[in-house]
Amino acid sequence: MINKETNKLSIPKSIKKFSEVELNNLARKIRNFMIEKNSSTGGHIGANLGTVELTIALHKVFKSPQEPLLFDTGHQGYTHKILTGRSNLFSSLNKYGGMNRFLSPKESAHDIMEASHAGTAISVGLGIAKTRYLKKNNKPVVVVVGDSALAEGSSWEALNHAAVEDVNLIIIINDNGYAISPGFGGLHNLLSSDFGNAPQFFESLGFKYDGPVDGHNFSELVPAFERAKENPTRQIIHVKTVKGYGWEPAKKHPYKAHFSMPFNPDDGSLKEKVTKSYPDEAASCIEEMMEINDKIVCITPSTLYATGLNNVFHKFPDRSIDPGMEEQHAMSMTVGIATEGYYPIVAFQSTFLQRAFDQLIHDVCYADLPIMVLSTRSGFSGYDNPTHHGIYDISFTQSFPNLTVLYPKDGHELTVMIRQAQKKIKGPVLIMMPYGPANYLDVVEEKNVLAPELIYDGDDILIVTVGNKFIEAEAAAKKINAGLINLRIINPLPGEFLLKVFKSYKKIVTIEEAVLNGGVGSSIASLLIDNRISREVLRLGLPKKFIEPGSNVELSKVYKLDAEGIIGSILERWGKD
Ligand SMILES: Cc1ncc(C[n+]2csc(CCOP(=O)(O)OP(=O)(O)O)c2C)c(N)n1
């Protein structure tokens with residue numbers, strides 16, 4: 001089945017003429033391959049086991065890429081990758097330079113778009129279909145969208161538009177009832193209702209509705225897709241699938257094994273021990289705070305897995321809200337909660353916080369109410385897509401009025417910061433934390449961690465470091481006898497404090513795991529210019545480009561943000577003296 005030499009799953013050239021038995025055999029082969037490969041590399045195993053038959057049926061009926069197949073988010077595209085000749089790449093998944101976790105035109109002409117953020121495919125698909133209409137190309141465009149991605153605000157905008165367009169767009173709802181956590185809300189209820197309201201709902205919007213179709217049964221899938229191909233205008237096909245289908249351990253997993261780190265294929269147990277992460281640390285602290293303060297409400301838009309809030313949600317179900325993948329709504333809702341005198345803590349994965357950019361500035365900052373926003377996986381975010389790195393949050397919040405932005409140097413400082421910020425900051429506050437296991441440097445219970453700290457003085461170079469770069473910055477500072485500041489507060493910039501310390505130094509180095517443009521280094525350079533103070537400033541951070549996936553260690557090395565890289569850049573700028 002798997003050719004060990006080429007590491008490739010042998011797939012026959014054309015499945016167009018396959019019988020149902022052959023299709024089922026192929027599905028079994030693909031499923032086994034995925035379990036075997038993902039068990040050693042990790043991957044979106046549950047999400048992909050659910051789309052095996054659906055994707056095979058799509059490739060049987062439609063001719064990719066002329067009849068383009070778009071998968072919303074792209075995390076469920078493994079079968080599509082295998083059927084388009086990429087099985088040999090699976091061993092490199094979640095390795096530096098390895099196969100993309102999502103779909104990417106850089107990998108194959110069969111991948112029409114690269115996403116990784118949910119809720120974009122109906123819009124892109126409609127754009128293609130509309131342009132094809134102008135070009136008089138009437139080949140259908142097929143979009144596969146998950147039931148939760150369908151609940152994204154952008155998907156609703158796209159549906160509203162698609163409902164009145166005379167173009168050949170087929171929307172397939174891959175309804176497994178799950179986001180990563182179990183599905184939620186009116187749309188979820190509508191799709192999972194046994195009483196058949198979904199047809200009326202979509203038909204009254206203006207679509208043709210076909211379904212529900214059993215997404216693991218070729219005798220239902222293939223005819224449904226053939227019917228749609230015959231008459232592809234404004235067509236919705238509602239396909240019911242099971243996340244983790246065909247793999248016993250997924251049944252017991254709380255997220256149906258949506259994604260897993262390397263696992264034991266027999267029981268799904270993880271191969272490596274899980275260590276306490278920054279979000280875990282923050283979540284324990286929130287749990288204790290909610291215990292003593294019944295006015296704290298905790299929210300996360302479908303990112304329980306990245307925010308560690310499971311226990312909080314379990315313990316305080318009435319004061320915990322996961323509205324689904326609805327970042328904009330989650331952010332705006334905090335204003336209502338704060339207006340009523342409660343204290344909302346809303347936790348995002350940094351990359352998805354971008355979805356709530358305007359709600360953060362327009363709703364939260366302008367309201368200027370006590371609201372806490374947590375941004376997890378700020379900085380490098382591992383082997384996800386290049387668009388998943390949380391490297392823009394520092395830059396975009398630098399310009400926001402009323403918002404205090406904090407970034408602690410370690411796990412202790414994080415929890416003290418959350419407590420102090422909740423007690424002392426009257427307006428909105430955003431606290432960032434990095435991906436990965438928490439570090440613990442010193443206990444800071446007694447200190448005010450809402451202000452910067454001069455850790456020690458040095459010779460003529462001063463390093464100003466932001467958040468998780470502290471460890472590498474400190475190692476570099478010690479090597480070259482530089483002074484060191486743990487900045488902690490990155491908006492508003494603590495100008496008075498900085499200018500006072502800068503008096504003793506000729507050379508200033510700033511370090512941040514974020515894009516340099518508009519970042520802390522730029523703000524410090526502006527501070528000096530605005531105060532007509534002349535200093536040499538070396539800004540260390542990331543270039544304005546999409547950064548490849550990689551571990552923190554790998555990427556810190558490549559982008560010279562580890563101690564060695566920091567020293568190298570300093571020596572390159574100023575030489576040895
Ligand atoms: C805007 C955005 N928010 C959150 C995520 C994280 N995320 C990735 S897949 C996923 C669940 C997707 O659920 P669904 O669309 O139903 O697809 P399924 O995995 O169930 O097939 C989530 C929350 C994301 N990729 N994009």
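Which polar backbone atom lies 2.9 Å from an oxygen atom of the ligand? The atom belongs to Tyr 178. This is a predicted model, in which local features need pLDDT of at least 70 and side-chain atom pairs count only at pLDDT 80 or more, while totals for chains, interfaces and linings use all residues. Residues are numbered from 1 along each chain as its sequence is written, and side-chain values use heavy atoms, with hydrogens and water left out.

Two other pairs of atoms (a polar contact is a pair of N or O atoms within 3.5 Å) involve the ligand. An N or O atom in the side chain of His 75 is 2.6 Å from a ligand oxygen, and a backbone N or O atom of Ala 118 is 2.9 Å from a ligand nitrogen. On its own the ligand has 580 Å² of accessible area (Shrake-Rupley method, 1.4 Å probe), and the protein covers 98% of this. The ligand is surrounded by 24 residues (a heavy atom within 4 Å), and Glu 327 is among the closest.

Glu 327 also belongs to helix H14, residues 327-339. Helices here are DSSP runs of H or I with at least four residues, and strands are runs of E with at least two, numbered from the N terminus. The buried residues of H14 (under 20% relative accessible area, 1.4 Å probe, protein chains only) include Glu 327, Ala 330, Met 331 and Thr 334. Seen down the helix axis, the buried residues fall within an arc of 165° (taken from the directions from the axis to the C-beta atoms), so they line one face of H14. Among the elements that cover them are strand E10 (343-349) and helix H16 (357-367). Just after H14, Gly 341 has a positive phi of about 85°.

Key:
The expected span of a helix is 1.5 Å times one less than its number of residues. Buried means under 20% relative accessible area, exposed over 50%, partly exposed in between (1.4 Å probe, protein chains only). Contact means heavy atoms within 4.5 Å. A polar contact is a pair of N or O atoms within 3.5 Å; within protein, one must be able to donate a hydrogen and the other to accept it, and residues adjacent in sequence count only if both atoms are side-chain atoms.
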